[in-house]
Amino acid sequence: MRSKFSRTGRLLVAAGLVSLLAACNSAGRSTQYTSLEGYVPDPALKTASKSNLTGRVRHACTVTQAKFQKVAEDALAAPCGCYAERTLSALDKDEIASYRTTGYFNDTARAKALNALDSCKLPRPIV
């Protein structure tokens, strides 16, 4: 079966999934992700608009939560929209810059993402 996503689309999903999974990785533990083997952040992150970043995070949430909860992606439009909006609005300029550079949330951003999951009534994936 042929994939319905382009190479760029798959890269965007991968970047978003890495962000979401990193956000959900053990809130109480500081983990430095100096390199994730084989992961190369999407260069488009550096110049993406804030609304584009929100869309990426929302999409990654939808894909990840649909698999985790075993529900249709459509059912997660509102809660994942909530998660993306709350997460990105909570990030400061340094956290956004870090996300643009690495493609995942740093420790302080991860804590904010976990709070957004809770606020939007989304379960935390077990990583």
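## Close-up views of helices 3 and 5

**View A. The end of helix 5 is followed by a residue with a positive phi.** Just after helix 5, Lys121 takes a positive phi of about 60 degrees, in a model that is predicted. Lys121 is not a glycine, although its phi is positive, and the residue belongs to the segment that comes after helix 5. With a relative accessible area of 72%, Lys121 is exposed, because exposed here means over 50%.

**View B. Lys70 lies in the loop between helix 2 and helix 3.** The loop that holds Lys70 runs between helix 2 (50-69) and helix 3, and in this loop Lys70 has a positive phi of about 60 degrees although it is not a glycine. Lys70 counts as exposed, at 74% relative accessibility.

**View C. Helix 3 spans residues 77-90 and has buried and exposed residues.** Helix 3 has 14 residues, and the distance from its first C-alpha to its last is 20 Å, close to the 20 Å expected at 1.5 Å a residue. The buried residues in helix 3 are Cys80, Gly81, Tyr83, Ala84, Thr87 and Leu88. Seen down the axis of helix 3, these buried residues fall within an arc of 160 degrees, so they line one face of the helix. On the other side of helix 3, Ala78 and Ser89 are exposed.

**View D. Helix 5 spans residues 107-119 and also has buried residues along one face.** With 13 residues, helix 5 reaches 19 Å from its first C-alpha to its last, which is close to the 18 Å expected at 1.5 Å a residue. In helix 5, the residues Ala109, Arg110, Ala113, Leu114, Ala116 and Leu117 are buried. When helix 5 is seen down its axis, its buried residues fall within an arc of 160 degrees, and they therefore line one face of the helix.

**View E. Helix 3 and helix 5 pack against each other.** Two packed helices are described by the angle between their axes and by the distance between those axes. For helix 3 and helix 5, the angle is about 145 degrees and the axes are 9 Å apart, and the crossing of the two helices is right-handed. From helix 3, Tyr83, Arg86, Thr87 and Ala90 meet Lys112, Ala113, Ala116, Leu117 and Ser119 in helix 5. Sorted by class, the contact of helix 3 with helix 5 has five nonpolar, two polar and two charged residues. Among the residues in this contact, Tyr83 and Thr87 are buried in helix 3, while Ala113, Ala116 and Leu117 are buried in helix 5.

Definitions and conventions: Residues numbered from 1 in each chain as written. Predicted model: local features only at pLDDT ≥ 70, side-chain atom pairs only at ≥ 80, totals over all residues. Heavy atoms only, no water. Helix = DSSP H or I, 4+ residues; strand = E, 2+ residues; numbered from the N terminus. Expected span 1.5 Å × (residues − 1). Buried < 20%, exposed > 50% of the residue type's maximum accessible area, 1.4 Å probe, protein only. Arc of directions from axis to C-beta. Axes fitted to C-alpha atoms, helices over the stretch in contact; angles between N-to-C directions. Left-handed = near helix turned anticlockwise from the far one by under 90°. Contact = heavy atoms within 4.5 Å. Nonpolar A, V, L, I, M, F, W, Y, C, P; charged D, E, K, R; others polar.
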